[in-house]
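Work through these exercises with the model open in front of you. Try each task before you read its solution.

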Amino acid sequence: MSLEVEAHPDLGLVRGDEEPSDAFLARCAAELERRLAVEEREAMLEHAPKIAKLEQRRARAEADLAAAQATTGGSGGAVGAAIAGVLGGRLGRRVARDHDRAQDRAERARLALGQADEALREAVVLRNGEVGAVRAGAVSVQAGVIRRALGIKKGDVEVSALGIAWAAR
């Protein structure tokens, strides 16, 4: 006497007595998909706070750059600095100094925006890599199913109690 059993040990599923193999494989595929979705969601949630913080940092850097560029335009620009330099004196030096400071602020803001952009890109790539690794590491449903014939062997049976039963006819 033997019994044919199909199981997917990684998922902890066993085919029922009356369940066809195709239905069992479909049930295994559905369970695998559900578990992968949970793992992907966990990977996304793990990286969400860092990505949100980096997005805020990038938005602040954009706002700082916009403000610095507005200040640069308000100081008369390069033409204003050149005209003030020709005029000389205290006004010329002040306009040139203001223009240089505004240019420095704008350059620092551009660098900060580039750094924030790069950090955000790296965090997104890392998150996407982990989410992709979840799918790549998944075992195929058919590869995980094992088929075994279970039978009773003489050494596998242990008598622990004896009983006598009778029935009335």
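**Exercise 1. Classify a salt-bridge residue, then find its partners.**

Task: Decide whether R121 is buried, partly exposed or exposed. Then find its salt-bridge partner and the network around the pair.

Solution:
- Step 1. This is a predicted model. The relative accessibility of R121 is 45%, so R121 counts as partly exposed. The partly exposed class lies between the cut-offs of 20% and 50%.
- Step 2. The salt network that includes R121 also takes in R58, E62, D117 and E118, joined through shared partners.
- Step 3. Within it, R121 pairs with E118, and the closest N and O atoms are 2.9 Å apart.
- Step 4. Both residues lie in helix α3. They are three residues apart, about one turn of the helix.
- Step 5. E118 has 35% relative accessibility, so E118 is partly exposed too.

**Exercise 2. Map the chain.**

Task: How many helices and strands does the protein chain have, and in what order do they run?

Solution:
- Step 1. Count the elements: four helices and three strands.
- Step 2. Read from the N terminus: β-β-α-α-α-α-β.
- Step 3. Look at burial. The chain has 169 residues, and 24% of them count as buried.
- Step 4. Look at the surface. The accessible surface is about 12300 Å², and 56% of this area belongs to carbon and sulfur atoms.
- Step 5. Check the range of contacts. Take those between residues at least 6 apart in sequence: 73% join residues at least 24 apart.

**Exercise 3. Compare two salt bridges.**

Task: The whole structure holds ten salt bridges. Which parts of the chain do the pairs R147–E6 and R110–E107 come from?

Solution:
- Step 1. Start with R147 and E6. Their side chains meet in a salt bridge at 3.5 Å, N to O.
- Step 2. Place the two ends. R147 is in strand β3 and E6 is in strand β1 (residues 2-8), so this pair ties together parts that are 141 residues apart in sequence.
- Step 3. Classify the ends. R147 has a relative accessible area of 52%, so R147 is exposed. E6 has 5%, so E6 is buried.
- Step 4. Turn to R110 and E107. The closest N and O atoms of this salt bridge are 3.6 Å apart.
- Step 5. Place this pair. Both residues are in helix α3, three residues apart, and therefore separated by about one helical turn.
- Step 6. Classify again. R110 is partly exposed at 36%. E107 is partly exposed at 39%.

**Exercise 4. Sort the surface patches.**

Task: Which residues form the negative, positive and nonpolar patches?

Solution:
- Step 1. Find the negative patch. E39, E42, E46 and E130 gather there on the surface.
- Step 2. Ask which element gives the most to the negative patch. Helix α1 (residues 21-74) does, with three residues. E42 sits in helix α1.
- Step 3. Find the positive patch. R97, R101, R105 and R108 form it.
- Step 4. Pick R101 as an example. R101 lies in helix α3. Its relative accessibility is 47%, so R101 counts as partly exposed.
- Step 5. Find the nonpolar patch. I152, V157, V159 and L162 make a surface patch of about 490 Å².
- Step 6. Look at L162. This residue is in the segment after β3 (146-151). L162 has 82% relative accessibility, so L162 counts as exposed.

**Exercise 5. Follow two acidic residues.**

Task: Are E31 and D104 buried, partly exposed or exposed? What does E31 touch?

Solution:
- Step 1. Place E31: this residue is in helix α1.
- Step 2. Check its cover. The relative accessible area of E31 is 17%, so E31 is buried. The cut-off for buried is under 20%.
- Step 3. List the contacts. Leaving out residues up to four places away in sequence, E31 touches L11 and L13.
- Step 4. Place D104: this residue is in helix α3 (residues 89-136).
- Step 5. Check its cover. D104 has a relative accessible area of 45%, so D104 is partly exposed.
- Step 6. Look across to T72. D104 and T72 are 32 residues apart along the chain, and their C-alpha atoms are separated by 9.4 Å.

Notes:
Residues are numbered from 1 along each chain as its sequence is written. This is a predicted model: local features need pLDDT of at least 70, side-chain atom pairs count only at pLDDT 80 or more; totals for chains, interfaces and linings use all residues. Side-chain values use heavy atoms; hydrogens and water are left out. Patches are made of residues with over 30% relative accessible area and no salt bridge: like charges are joined within 9 Å, nonpolar side chains (Val, Leu, Ile, Met, Phe, Trp, Tyr) within 5 Å. Accessible areas come from the Shrake-Rupley method with a 1.4 Å probe; for residues, only the protein chains shown count as cover. A salt bridge is a side-chain nitrogen of Lys or Arg within 4 Å of a carboxyl oxygen of Asp or Glu. Lys and Arg count as positive and Asp and Glu as negative; His and the chain ends are not counted. The place of a charge is taken as NZ of Lys, CZ of Arg, CG of Asp or CD of Glu. Helices (H or I, at least four residues) and strands (E, at least two) are DSSP runs, numbered from the N terminus. Buried means under 20% relative accessible area, exposed over 50%, partly exposed in between (1.4 Å probe, protein chains only). Contact means heavy atoms within 4.5 Å.
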